[in-house]
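Biologist: I would like to learn how to read a fold from its model. Could you take me through one, feature by feature?

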Amino acid sequence: MARQRRIWPISFRTVGTMLERGVIVRVGCARCDTFFDVDLAAIAAKRGPNFNLVDQEIKCKVSRCRGPSYFVAAESRDARLITLIDADVDPLSVNKRGLRPLDLEPPEPPIGAAPADRANPV
Ligand SMILES: [Zn+2]
């Protein structure tokens, strides 16, 4: 049976367009369910702006875990995350849980603290 390839929004196709359009990217571990911030600028500097995160599998940064981890992306902090895998699978259950970047943020900082602009790291 032929596998249906997904059609990706233009903003998700390269790290360059992700940076230009302020796409929020995280990495999630399918084993321990930890989500990490992603430094898109560092990836673009290392791999070039045309690098594509779809189907890139990396290892979890938790040293005791090292489980399979995948990139997830959303157009904004309150948009649903999409797992960047070119197959109809949901190993992080982000679809099932309807996760948004906002849901992965730490609790609100105390009033008066500088807000961390994690959506648009420079
Ligand atoms: Zn893990």
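**Reading the fold**

Modeller: Start with one residue. Asp-55 is exposed, because just 11 other C-beta atoms lie within 10 Å and the exposed class takes 12 or fewer. Bear in mind that this is a predicted model.

Biologist: Where is Asp-55 found?

Modeller: Asp-55 sits in the loop between α2 (40-47) and β3. Its phi is near 65°, a positive value in a residue other than glycine.

Biologist: What is the phi of Arg-66?

Modeller: About 55°, again positive, and Arg-66 is not a glycine. Arg-66 lies in the loop between β3 and β4. Arg-66 counts as partly exposed, with 14 C-beta neighbours inside 10 Å.

Biologist: Now the whole chain. How many helices and strands does the protein chain have?

Modeller: Three helices and five strands. Along the sequence the pattern reads α-β-β-α-β-β-β-α.

Biologist: What share of the contacts is long-range?

Modeller: Take contacts between residues at least 6 apart in sequence; 57% of them join residues at least 24 apart.

Biologist: And how do I read strand pairing? Which strands pair with β4?

Modeller: Look for the bridges. β1 and β4 run antiparallel, joined by six bridges. There, Ile-24 has Ala-74 in β4 as its bridge partner. Strand β3 (residues 57-59) is also antiparallel to β4, with three bridges. Glu-57 has Tyr-70 of β4 as its bridge partner. Strand β5 (residues 82-83) pairs with β4 over two bridges, in the antiparallel sense. In that pairing, Ala-73 stands opposite Ile-82.

Biologist: Is β4 largely enclosed or open?

Modeller: Largely enclosed by the rest of the structure, because six of its seven residues are buried. Across the chain of 122 residues, buried residues make up 23%.

Biologist: How should I read a nonpolar core?

Modeller: The general idea first. In soluble globular proteins, nonpolar side chains tend to be buried together. Here, the largest nonpolar core has 20 residues. Those that touch the most other members are Met-18, Val-23, Val-25, Phe-71, Val-72, Ala-73 and Leu-81.

Biologist: Which element gives the most to this core?

Modeller: β4, with five residues. α1 (15-20), β1 (24-29) and β4 (68-74) each supply at least two.

Biologist: Take one core member. What is Val-23 in contact with, leaving aside its neighbours within four places in sequence?

Modeller: Ser-11, Phe-12, Met-18, Ala-73 and Glu-75. Two of these names, Met-18 and Ala-73, are on the list of core residues that touch the most other members.

Note on methods. Residues are numbered from 1 along each chain as its sequence is written. This is a predicted model: local features need pLDDT of at least 70, side-chain atom pairs count only at pLDDT 80 or more; totals for chains, interfaces and linings use all residues. A nonpolar core is a set of buried Ala, Val, Leu, Ile, Met, Phe, Trp, Tyr and Cys residues joined through C-beta atoms within 7 Å. Helices (H or I, at least four residues) and strands (E, at least two) are DSSP runs, numbered from the N terminus. Two residues are in contact if their C-beta atoms, placed from the backbone, lie within 7 Å. Two strands pair if DSSP finds at least two bridges between them.
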